[in-house]
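Here are some short exercises to work through with the sequence and the model side by side. Try each task before you read its solution.

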Amino acid sequence: MNQSSPPVDPALIDEAAQWLARSRSPHFTESDAEALQQWRSTSATHDYIWNRALEIDQSFGSVPADVGMSVLDRRRTSSRRGMLKMLGALTLAPSAGWWLYRSPTAQALRADLRTGIGERHTVQLDGTTRVELNTASAIDVQANSLAISIRLIDGEILLDSSGAGTRTPPPCEINTAHASVSSVGARIMVRCDAGYTDLAVLEGMATAATASTAERFTVPAGQKVRITPEGTGELTPLPDGADGWVMGVLFADRTRLDPFLAELARYRRGIIRCDPAIAGLPVSGAFQLKDPDEILRLLARSLPIRIQQRTPYWINVTAA
């Protein structure tokens, strides 16, 4: 495999460095956040470079927190030049390019199948098994009549081989950064985030092994479990409607407002912030995910809250 990253327009590196410097400023506004989101949405490459800039900043602290909106004076230009050199090195140095090539965002961009924010996609595998990709998900797939292997890079999938009919479905394995999950003739959901993997079994059963300890355990139907680098959590009952997203529905049964909004935020671009004073308000209902903003308006009509939306990308939910 070629271990060098593809060439990147130096102008994009420059723009990403400037945006990173601006975003660290205490004067960064909601309008600025909207403009940044629009810049990132220009192309997959724009978003790719932005995420690389964030990784570098977090790993090496190349842009100081006191760098303000302007990056044109000598001191701030020096900070930006440091970022440019580091980003530029990633496009030229083989070892750094390899690190860039292996980063999660880069892998998601190269994935066999992926969905954008708010998108869902269904894939039929080998005639017996299908995979549903939820919002902002990416997978690599190897499938034949003998076995199905899926690498879940990011996001959430539902694997269904429960209705295979008279033909015996092949064994399926799903690998994430935290776990390996195996099943035959089951219906399961696997969600992979930065710090954990969630496994939920809707029908049948699944066997999982942690990546850190190789500890193996079985999850029966109607149960879910969270797997982290530190280990495995307790089995807990699967709530009703956990697979509602497959039908484009988000179910809630007296769910706290803050986790509900966090879940809703997965289906729209931008940021949704919840005032801690109202975070514990209960939410119940079945909400159509095709229009997340309409869900926010419904919440405002049924709860004592106010939706402040100065830009499409920055929403504050506060007490009414």
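**Exercise 1. A glycine in a loop**

Is Gly 204 buried, partly exposed or exposed?

*Solution.* Keep in mind that this is a predicted model. Begin with the location: Gly 204 sits in the loop that joins β9 (197–203) to β10 (205–210). Next, take its relative accessible area, which is 42%. Buried means under 20% and exposed over 50%, so Gly 204 counts as partly exposed. Then look for its partners: not counting residues up to four places away in sequence, Gly 204 touches Ala 186, Pro 220 and Ala 221. Finally, compare sequence with space: Gly 222 is 18 residues away along the chain, and the two C-alpha atoms are 9.0 Å apart.

**Exercise 2. The whole chain**

Find how many helices and strands the protein chain has, and what share of its residues is buried.

*Solution.* The secondary structure comes to eight helices and 19 strands. Of the 320 residues in the protein chain, 46% are buried. For the contacts, take those with a separation of 6 or more: residues 24 or more positions apart account for 52% of them.

**Exercise 3. The largest nonpolar core**

Which residues have the most contacts inside the largest nonpolar core, and which strand gives the largest share of this core?

*Solution.* The largest nonpolar core has 26 residues, and those with the most contacts inside it are Val 131, Ile 150, Ile 157, Ile 174, Ile 188 and Leu 199. Strand β5 (residues 148–160) supplies its largest share, five residues. Another core lies apart from it, with 25 residues that include Leu 158, Leu 250, Leu 289 and Val 317. As background, nonpolar side chains in soluble globular proteins tend to be buried together.

Now go through two of the residues.

- Ile 157 is part of strand β5. Its relative accessible area is 0%, so Ile 157 is buried. Beyond four places in sequence, Ile 157 touches residues including Val 131, Ile 139, Ile 150, Ile 174, Ile 188 and Trp 245. The C-alpha atoms of Ile 157 and Thr 122 are 9.6 Å apart, with their positions 35 residues apart along the chain.
- Val 131, with neighbours within four places left aside, is in contact with several residues, among them His 121, Val 123, Leu 125, Ile 139 and Ile 157.

**Exercise 4. A histidine and a tyrosine**

Where is His 178, and which backbone oxygen lies 3.3 Å from a polar atom of its side chain?

*Solution.* His 178 belongs to the loop between β6 (172–175) and β7 (179–183). With a relative accessible area of 6%, His 178 is buried. The backbone oxygen in question is that of Tyr 196. Setting aside neighbours within four places in sequence, the contacts of His 178 include Cys 192, Asp 193, Gly 195, Tyr 196, Ala 209, Ile 227 and Pro 229. Tyr 196 has a further partner: Arg 226 lies over the face of its ring, 3.7 Å from the ring centre.

**Exercise 5. Cysteines and aromatic pairs**

How many disulfides and how many aromatic pairs are counted?

*Solution.* A disulfide needs two cysteine sulfur atoms within 2.5 Å, and the count comes to zero. For two of the cysteines, check the accessibility: Cys 172 is buried at 3%, whereas Cys 274 is partly exposed at 24%. The count of aromatic pairs comes to one.

Notes
Residues are numbered from 1 along each chain as its sequence is written. This is a predicted model: local features need pLDDT of at least 70, side-chain atom pairs count only at pLDDT 80 or more; totals for chains, interfaces and linings use all residues. Side-chain values use heavy atoms; hydrogens and water are left out. Buried means under 20% relative accessible area, exposed over 50%, partly exposed in between (1.4 Å probe, protein chains only). A nonpolar core is a set of buried Ala, Val, Leu, Ile, Met, Phe, Trp, Tyr and Cys residues joined through side-chain atoms within 4.5 Å. Helices (H or I, at least four residues) and strands (E, at least two) are DSSP runs, numbered from the N terminus. Contact means heavy atoms within 4.5 Å. Rings of Phe, Tyr and Trp (its six-membered ring) pair if their centres lie within 6.5 Å; planes under 30 degrees apart count as stacked, over 60 as edge-to-face and the rest as tilted. A charge sits over a ring if NZ of Lys or CZ of Arg is within 6 Å of the ring centre and within 35 degrees of the ring normal. A polar contact is a pair of N or O atoms within 3.5 Å; within protein, one must be able to donate a hydrogen and the other to accept it, and residues adjacent in sequence count only if both atoms are side-chain atoms.
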